[in-house]
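Here is a colleague's note, written for someone reading a protein structure for the first time. Please keep the picture open while you go through the points.

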Amino acid sequence: MQAKVDPDKLTIVIPTKDEEDGIGPTIDELIQMGFEPGQILVVDGDSRDRTVEIARSKGVNVIRQDGVGKADAILTALKNVDTEYMLVMDGDYTYDPSKIGEMLSLMDKYVEVIGARVEGRENIPWINRIGNRILTWIFNTLFGTCLRDVLSGMYMVNVEKAKLMLGKATGFSIEAEIAAHMSCEGDITDIDIRYRKRVGKPKLSVLDGVKIGWNIIKLTWYYNPFLLIFTLGTLLLIPGIIIGAYVLYDFIFLHKLHRILTPVSLIFTLAGLISFLFAILFLYLRRMELRVIRAIEKRR
Ligand SMILES: Nc1nc2c(ncn2[C@@H]2O[C@H](COP(=O)(O)OP(=O)(O)O)[C@@H](O)[C@H]2O)c(=O)[nH]1
Ligand SMILES: [Mg+2]
């Protein structure tokens, strides 16, 4: 049992699809910890089993999601929640809720706190564990964060800031998209949580992992184009300069003109330089956007 959290402050959102084995224990545990049934919101995606019936019997709020898939379920929740903070967790009894209070205590400094599955990693299927490592690494590299588990299904967000993504959400892998969006709104951190063995059947596959990786790259283009263009610029400039040096050496010292390699090196070098200019322009626009947002926030 932990100190009660004001129901006006926090909503606990549980997306569910065919989760009749897990949803009961998940809700019971939250209520045992002192959360009010009224602050728990189950967003169901047309479960064909007894999920909705069980959730309703516990006295929690249950709504049907708009659209299809877990991403739409989270966006539906975001539209409906009006508390200051929102915690998302699975309905399969995997995420230990005992750190919710600690997550909440960090929300005055951070816009998002992720529950990193540090304890009980053996309960994550090994293929997901490797995939998760790689995807988190790609995300950190492209967004300049140092998160440990960007795809964790348990995270708390500042609702006002998260709602800003409603109009522009791309419907990409939702955990990565929320983190990408929130990393533009403020600081993100994570804390260790315990992950338990799943009750009921999982719904994600290896193919989903590959899709998430591709989506993270697309998200970078959308939320942080600077790094993507900068990387592209570097990839063009390095061969451009190497070939250029070779061509120039032959021309100056051996009086030999390379008719194909000369324009090739020029094209690579110029394209690289142009990419750098664009990258700088994006960085400048991004800074300006942040300054404008801060100025608007100060006036409110
Ligand atoms: N509303 C809704 N929930 C979903 C959907 N697909 C999965 N979920 C729920 O989202 C949570 C995460 O799914 P899960 O299969 O546990 O994914 P994993 O934890 O990554 O293996 C679970 O509570 C699922 O019941 C969907 O299409 N709609
Ligand atoms: Mg799960």
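The points below take up the sheet, one of its strands, the packing around it, the cores and the metal site.

1. Please keep in mind throughout that this is a predicted model, and that the statements below describe that model.

2. A good place to begin is the open sheet, which has seven strands in the order β3-β2-β1-β4-β6-β5-β7 and mixed pairing. In general, the strands of a sheet pair through backbone hydrogen bonds, and the pairing is either parallel or antiparallel. Here β3 (61-64) and β7 (188-194) are the edge strands, each of them pairing on one side only. On average, neighbouring strands of the sheet are turned by 25° against each other, if direction is ignored.

3. Which strands pair with β6 in the antiparallel sense? β4 does so over four bridges, and β5 does so over three bridges. Two residues of β6 can be followed across these pairings, since N158 is the bridge partner of Y85, while Y155 is the bridge partner of I114.

4. The side chains of β6 deserve a separate look. In a regular strand the side chains alternate between the two faces of the sheet. In β6, Y155 and V157 point one way and M156 and N158 point the other way, yet all are buried.

5. At the β7 edge of the sheet the pairing sense is parallel, with β5 (residues 112-119) and β7 joined over seven bridges. Within this pairing you can look for E119, which stands opposite R194 in β7. The helix α7 packs on the sheet, where α7 touches β5, β6 and β7, and its direction makes about 40° with that of β6.

6. The largest nonpolar core has 39 residues, among which V13, M86, F139, I178 and I216 touch the most other members. Several elements supply at least two residues each, including β2 (40-44), β4 (85-88), α5 (126-143) and α8 (206-223). The largest share, seven residues, comes from α7.

7. F139 is a useful residue to inspect, and if residues up to four places away in sequence are not counted, F139 touches G144, T145, L147, V150, A176, A179, A180 and I216. A second core, separate from the largest one, has 31 residues and includes A55, V60, V62 and I191.

8. Finally, which residues are the protein donors of the magnesium ion (ligand 2)? They are D90 and D92, each through OD, and they lie 2.0 to 2.1 Å from the ion. Both D90 and D92 are buried.

Terms used
Residues numbered from 1 in each chain as written. Chains lettered and ligands numbered in written order. Predicted model: local features only at pLDDT ≥ 70, side-chain atom pairs only at ≥ 80, totals over all residues. Heavy atoms only, no water. Donors = N, O, S within 2.8 Å, 3.2 Å for Na, K, Ca; no water. Buried < 20%, exposed > 50% of the residue type's maximum accessible area, 1.4 Å probe, protein only. Core = buried A, V, L, I, M, F, W, Y, C linked by side-chain atoms within 4.5 Å. Contact = heavy atoms within 4.5 Å. Pairing = 2+ DSSP bridges. Axes fitted to C-alpha atoms, helices over the stretch in contact; angles between N-to-C directions.
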